[in-house]
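Visitor: I should like to understand the reasoning behind the terms applied to this model. Please show me the structure and then justify each term in turn.

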Amino acid sequence: MYTSGRGGFSVKLPSAPVTRIDASSYRREDLQADGGLREGAPFVAEETRAERGEDGLYTVRWYEVPLTNELTDRAFLERLLATKKLGPNVIPRWVHLGEFPGFAYERLEPEKGVLLRSRVFIVQGRVFHLWADNWLSRDDEPAARRFLDSFQLAVAPGLTVTYDGVVADRR
């Protein structure tokens, strides 16, 4: 079980992970007038990846988002979903991890030989994006599901994913 102290989550990864922090750009509200950064400014994103032999690549990426009072978690997810280029044959579904909303989808990428299974959640101002890229020739769906289902939050351990229904319109 991999635990991210900074991210506040744990997940079962198939091998030793590699973690990368992207701090190449910052949120506008963290930039100061003199061009410096506000002290304590959060990084942009943290991504942890692990390979599963010849089956594929498993990834968790998370980042903090500035939410305003007029934008609910669900509205933020709807906006995020609208910006994703999922393809015409991809039908995302709304999901929840306990009280925390999200969406899930699968996408076939035949030119890359990959089946992508993904879940995205928003939890207390953070977006968590999990995905399993499985090579079509060696796809192991049960292993990918175990990875996705193993995701746990430090703020609320023991939550399971529930599926709510298909996202009606992504335009």
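**Helix 2 and its salt bridges**

Guide: In this predicted model, the buried residues of helix 2 (residues 141–149) are A143, A144, F147 and L148.

Visitor: What makes these residues lie on the same side of helix 2?

Guide: They span an arc of only 135° around the axis, and therefore they fall on the same side of helix 2. The elements against which the buried residues pack include strand 4 (45–52) and strand 5 (56–64).

Visitor: Why is the pair R145 and E141 called a salt bridge?

Guide: The closest N and O atoms of R145 and E141 are 3.3 Å apart; the cut-off is 4 Å, so the pair qualifies as a salt bridge. The two residues are four apart in helix 2, which means a separation of about one helical turn.

Visitor: Why is R145 called partly exposed?

Guide: R145 has a relative accessible area of 23%. Buried requires under 20% and exposed over 50%, so R145 is partly exposed.

Visitor: How do you know that R117 counts as buried?

Guide: R117 has 2% relative accessibility, and the limit is under 20%, so R117 counts as buried. R117 forms a salt bridge with E106, with the closest N and O atoms 3.9 Å apart. This pair links distant parts of the chain, with R117 in strand 8 and E106 in strand 7, 11 residues apart.

Visitor: Which residues are linked with E106 in a network of salt bridges?

Guide: The network joins E106 with R117, E141 and R145.

Key:
Residues numbered from 1 in each chain as written. Predicted model: local features only at pLDDT ≥ 70, side-chain atom pairs only at ≥ 80, totals over all residues. Heavy atoms only, no water. Buried < 20%, exposed > 50% of the residue type's maximum accessible area, 1.4 Å probe, protein only. Arc of directions from axis to C-beta. Contact = heavy atoms within 4.5 Å. Salt bridge = Lys/Arg side-chain N within 4 Å of Asp/Glu carboxyl O.
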